[in-house]
Amino acid sequence: MHRLRTLGVAPVRRQTQARVYSVRPALTSFSEEENLLRAEVARFADQVVRPKVREMDEKAEYDADVLRQCFEQGYMGIETPGELQGSGMSFVSSCIVIEEMAKVDPSVSLIIDIQNTLINTALRKWGTPEQQEQWLPKLATDTVGSFALSEWGSGSDAFSMKTTAVKGDGVYKLNGSKAWISSSKHAGFFLVMANVDPSQGYKGVTAFLVDAKNPGIKVGKEEDKLGMRASSTCEVILTDCIVSEKDVLGQVGKGYKIAIESLNEGRIGIGAQMLGLAQGAFEQTLPYITKRNQFGRPITSFQGMQFDIAKLATDIEAAKLLVYNAARLREEGKPFVQEASIAKLYASQMAERVATKCVEMMGGVGFTKEFPIEKFYRDCKIGQIYEGTTNIQYQTIAKSVLKAYE
């Protein structure tokens, strides 16, 4: 206490009564409702999705019954209000569904992720009451949505897009081509970004709601991908695609804001997906390696193997904390952009490390299709590419950190 006075610091007074402190829950503590949801999704993924995983991967096509049941279970409209036929749950609930589904099939997790964190979120935040009433019930019950932003010449530099929207008498005419558009083959609805005034650069980018039945929109070549094969990834071609001015989402020239803010939330979803993927690979690996013997003993009794297991468990737990911290921040309405990028960056890199090491620990069988580990290995790589590449995340994080020192 004398030393504290010397330093000019007020000494801590001994309390005569016990001080009451509020205890905050751990980041990975979930409500009873959230835990029930997790258990329900885990059962669904195990009983309905798992038997179809290999077939969907080989055919590069979602099983129609799996997709139908995802709608029936309410997984395609998790945050959509009940009055619009959604589940009326939270953003964290969306992350739980995405994570649990990815433990079994990241491809099924992906269509749920896009539907909830990109499409539904954009309509809820920027849609007019009429737009919400027209589309959100459909998206919650039977219609797949697709987010059409990227083009052949504008990936990370998304707002250098060439797709145009020319104003007419109460309508816009859209022309251009979109590339690598997820869920496009199954989509009944597209959220399309086009530029109403290319001379204005990104300030001309506008978001349009386009019905897949519109004769001016066509789904083109489907990509033959390394992983996430059940999810369709196609070119989307717009040729004199006429849409009403009432189909503008938000304000004209504000499409860049809608895209950026939607992707910021979507990155947390990708983090949850990569977290689930890593857990799925790890949980499928452990039962095999704990039973496999070499040199007269279980291979998990070797120190080197134990160290690898410990590293992977630590990696997964760290990603879980990052993902759900970002999700809780978003849910509380607090700034989360930096945390979302960190979660997406770390979880996507972690998933690759875990999947790679799981293949190695499995040995020869890990390299075969007899076990699902090789699929997790193929599926994980896209996590470092879509919804903002690794370098884009580095850039976003660095800008956010340096802003405090300007």
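This is a guided tour of a predicted model, moving from one selection to the next.

**Helix H6**

Begin by selecting residues 106-126, which form helix H6. At 1.5 Å a residue, these 21 residues should span 30 Å, and because the C-alpha atoms at the two ends are 29 Å apart, the expected and computed spans agree. Follow the helix to Asn120, where a kink of about 35° is centred. If you then colour the helix by accessibility, you will find that H6 is mostly covered, since 19 of its 21 residues are buried. Finally, add Asp105 to the selection: Asp105 caps the N-terminal end of H6, with a side-chain oxygen placed 3.0 Å from the backbone nitrogen of Ser107.

**The nonpolar cores**

Next, select Ile112, Leu191 and Met193, the residues with the most contacts inside the largest nonpolar core, which has 92 residues. The element that gives the most to this core is helix H8, residues 255-291, with 13 residues. In soluble globular proteins, nonpolar side chains tend to be buried together.

Stay with Leu191 and show what surrounds this residue. Setting aside neighbours within four places in sequence, Leu191 is in contact with Ile119 and Ala122, with Ser146, Phe147 and Ala148, with Ala207, Phe208 and Leu209, and with Leu249. There is also a second, separate core of 17 residues, and Ala165, Leu174, Ala187 and Val236 are included in that core.

**Asn195 in strand E4**

Now select strand E4, residues 187-195, and look at Asn195 within that strand. Is Asn195 buried or exposed? Asn195 has a relative accessible area of 3%, so this residue counts as buried, the cut-off for that term being under 20%. Not counting residues up to four places away in sequence, Asn195 touches Met161, Thr163, Thr164 and Ala165, and also Gly201, Gly204 and Val205.

**Aromatic pairs**

The structure holds nine aromatic pairs. For one of them, select Tyr202 and Tyr256, whose ring centres lie 4.8 Å apart and whose planes stand at 80°, so the pair is edge-to-face. This pair links distant parts of the chain, for Tyr202 is in the loop between E4 and strand E5 (205-211), whereas Tyr256 is in helix H8, and the two are 54 residues apart. Tyr202 is partly exposed, with a relative accessible area of 39%. Adding Phe159 to the selection completes a cluster, as ring pairs link Phe159, Tyr202 and Tyr256.

Then move to Phe295 and Phe302, where the ring centres are 6.4 Å apart and the planes are at 80°, so this pair is edge-to-face. Phe295 counts as exposed at 77% relative accessibility, while Phe302, with a relative accessible area of 27%, is partly exposed.

**Glu34 in helix H2**

Select helix H2, residues 32-49, and find Glu34 there. Although Glu34 carries a polar side chain group, the residue counts as buried, with a relative accessibility of 8%. A polar atom of the Glu34 side chain lies 2.9 Å from the backbone nitrogen of Ser31. Leaving out neighbours within four places in sequence, the contacts of Glu34 are with Ser90, Val92, Ile96 and Arg328.

**Ile237 in strand E7**

Strand E7, residues 233-244, contains Ile237, which is partly exposed, with a relative accessible area of 26%. Which residues is Ile237 in contact with, leaving aside its neighbours within four places in sequence? They are Gly176 and Ser177, together with Gly216, Ile217, Lys218 and Gly220. For a further view, select Ala179 as well: the C-alpha atoms of Ile237 and Ala179 are separated by 8.7 Å, and these residues are 58 residues apart along the chain.

**Two loop residues with positive phi**

End the tour in two loops. In the loop between helix H4 (64-72) and helix H5 (91-102), select Gln85, which has a positive phi of about 70° although it is not a glycine. In the loop between helix H11 (373-380) and helix H12 (390-403), select Glu387, which is likewise not a glycine and has a positive phi, near 55°. Glu387 is buried, with a relative accessible area of 13%.

Methods: Residues numbered from 1 in each chain as written. Heavy atoms only, no water. Helix = DSSP H or I, 4+ residues; strand = E, 2+ residues; numbered from the N terminus. Expected span 1.5 Å × (residues − 1). Bend = angle between axes of the 7 residues up to and from the residue. Buried < 20%, exposed > 50% of the residue type's maximum accessible area, 1.4 Å probe, protein only. Polar contact = N/O pair within 3.5 Å; in protein donor to acceptor, adjacent residues only side chain to side chain. Core = buried A, V, L, I, M, F, W, Y, C linked by side-chain atoms within 4.5 Å. Contact = heavy atoms within 4.5 Å. Phe/Tyr/Trp six-rings, centres within 6.5 Å; stacked < 30°, edge-to-face > 60°.
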